[in-house]
Amino acid sequence: MAYKERHNWATDLWLRFVIWREHHIKEKTFLIMLSLVVGVLCGVAAQLLKFLIHWIAGILTSHFSSTTENYLNLVYPVVGIILTVLFVKYVVKDNISHGVTKVLYAISRRKSRLKKRNMYASLISSSITIGFGGSVGAEGPIVYTGAAIGSNIGQAFRLSPKVLMILVGCGAAAGIAGIFRAPIAGMLFTLEVLMIDLTGLTVMPLLVSSITGATVAYILEGYNAEFFFSQSEPFITSRIPWTILLGVICGLMSYYFTKVMFLMESTFKKIKQQWARIVLGGAMIAILVFVFPPLYGEGYGTINHLLDGDVGSVVNGTFFYVDRYNVWFLVLFIAAVTMMKAFATSATNGAGGVGGTFAPSLFVGALTGFLFAFIVNNLDLGITLSQKNFTLMGMAGVMSGVMHAPLMAIFLTAEMTGGYQLFLPLLIVSTLAYFTIQYFTPYSIYTMRLAKAGDLLTHQKDKAVLTMLKIDNVIEKDFCEVHPEMSLKEMVDVISVSNRNLFPVTDSEGYLKGVVLLDDIRNIMFRTDLYRKMHVSRFMAAVPDVIELDMRMDKVMEIFDKTHAWNLPVVDKGKYIGFVSKSKIFNSYRKVLRHFCDD
């Protein structure tokens, strides 16, 4: 009883504060204040995630040998997946995979509302998955965590869905900025990947959160870049043709990575038993990590080796280890690691691990760029390419293609390596990679799932508003039902108590059979001699088309355009639910559009 009284007292006090805020602090001012708080919390969450991953991995791999194979690589990833599955199943009790996709869905379909458990669930589960060797990244989970922090803070203050969407973007931006120490990239991630528009209302909160998240990272980690890179070889204009070629190759590699991920995802979805998914995915990731140790975890160590020019370290810890390597053996080994990364990532997630594709795309890009320059340099073409520079360009190129976010890829690569002097080649490679993959698919690895289901919110206002509209909210149910066996007299009695001129005809089980239009029976409805002779089945008409209850709003509008109707019935597996009118949709559309676009 005492606890309940304290709880009620605290709730009442909080409600009073929320009401006081609504009357004394303007929403725009309060949004800036909250974006600062979100930035701090997400910056701390990002650092905590990095610490847990490195701490777990350090404990498990500190005794590993660099000159011989490490058989524990066959065990660690499987243990990590099992622990993650148990945590998600018995503690979280929710599906938290594909974090960025879940955030996009929340923005488009759930009014930017995320559950409280999402503020910690992805953080803990991905720490276990990656620390034990799961071949995924921490950036997707930190985006999910940051977005959940922003959403729940906004919900606590009873803010509108429009403001919640901005706070979700602030959390995601701060998470990326905090984990990479890259504030500009954090903001661009929100604009390009989460597709939140840059308006007068959104620009300042996003900037504040991104800068705050990065500042927290700088305070806790220092001012060193995420990857060590020193440009010892300047980029010269004669290398632009090779840069162009790398951009196209990165675009093709992005498409390969995306295609493999979705093929593997669909394969794992077909396996209904969870234990079977764990066995299959666990076996795949264990074998791949054992044969190719660079696939362990995020793979950032391998990227640092390549940026430092230490090529031989890529083969450390394998049974391929020797003192001197044949050049073409290194080419084959690195190529195999590059191609297997997509399988390792999808196997980790498919088995039940939790992680994102941010780090894998950087990893694949780094190896692609390095391999390109390494092969050219060993073909005796009379030209020497900087392997470090092209490694950096490859990172930006593949990330641009996989994420469909060229600006974010450019600034993220520059910010986390300090490679600002390579801005022009980064721009060339990222842009060409993006245009190359656009030829094959218009959607990123995050948005493809939602686009197929019609749940994707885009920068196109018309599509965005239609996505936010729900069929449930525009159904009208005040139509009087009639039945085929009813007489004209009974029909007239129904008309006398209805304020509609349209009447759905249903059978005894509620299935829609047709419709009666008042205009069609106006000439006979006052003929009393026909009251007992004529029945509804004689004068009811067929409907031009029907709308299914789970139909997307853009499809609904296509049906209205095709039939030229103003009212169409809504059915659920044939059973009558109600009617949707074009005027009702237009009114709701205008209301959402004003709300969605209001700065």
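**Helix packing and nonpolar cores in a predicted model**

Helix H6 (residues 139-156) and helix H7 (residues 161-180) pack with their axes 7 Å apart and at an angle of about 140°; axes are lines fitted to C-alpha atoms, for helices over the stretch in contact, and angles run from 0 to 180 degrees between N-to-C directions. The structure is a predicted model, in which local features need pLDDT of at least 70 and side-chain atom pairs count only at pLDDT 80 or more, while totals for chains, interfaces and linings use all residues. Residues are numbered from 1 along each chain as its sequence is written, and side-chain values use heavy atoms, with hydrogens and water left out. Helices are DSSP runs (H or I, at least four residues), numbered from the N terminus.

The contact between the two helices (heavy atoms within 4.5 Å) involves, among others, Gly146, Gly150 and Gly154 of H6 and Gly171, Gly175 and Phe180 of H7.

Leaving aside neighbours within four places in sequence, Phe180 is in contact with Glu139, Glu226, Tyr300, Phe358, Leu362, Leu412 and Met416. Phe180 is also among the residues with the most contacts inside the largest nonpolar core, which has 139 residues. Such a core is a set of buried Ala, Val, Leu, Ile, Met, Phe, Trp, Tyr and Cys residues joined through side-chain atoms within 4.5 Å. Buried means under 20% relative accessible area, exposed over 50%, and partly exposed in between (1.4 Å probe, protein chains only). Helix H14 gives the most to the largest nonpolar core, with 13 residues. Another core, of 19 residues, lies apart from it and includes Val492, Phe503, Ile521 and Met534.

Helix H14 comprises the 20 residues 358-377, and its end C-alpha atoms are 29 Å apart, in agreement with the 28 Å expected at 1.5 Å a residue; the expected span is 1.5 Å times one less than the number of residues. Because 18 of its 20 residues are buried, H14 is largely enclosed by the rest of the structure. Thr357 lies in the loop between helix H13 (327-351) and H14. Thr357 is buried, with a relative accessible area of 7%, and its contacts beyond four places in sequence include Phe257, Met403 and Tyr446.

Ser35 belongs to helix H2 (residues 27-61) and is buried at 0% relative accessibility. Beyond four places in sequence, Ser35 is in contact with Leu167, Cys170, Pro205, Val208 and Ser209.

Turning to the cysteines, Cys250 is buried at 0%, whereas Cys480 is partly exposed at 23%. The count of disulfides is zero, a disulfide being a pair of cysteine sulfur atoms within 2.5 Å.
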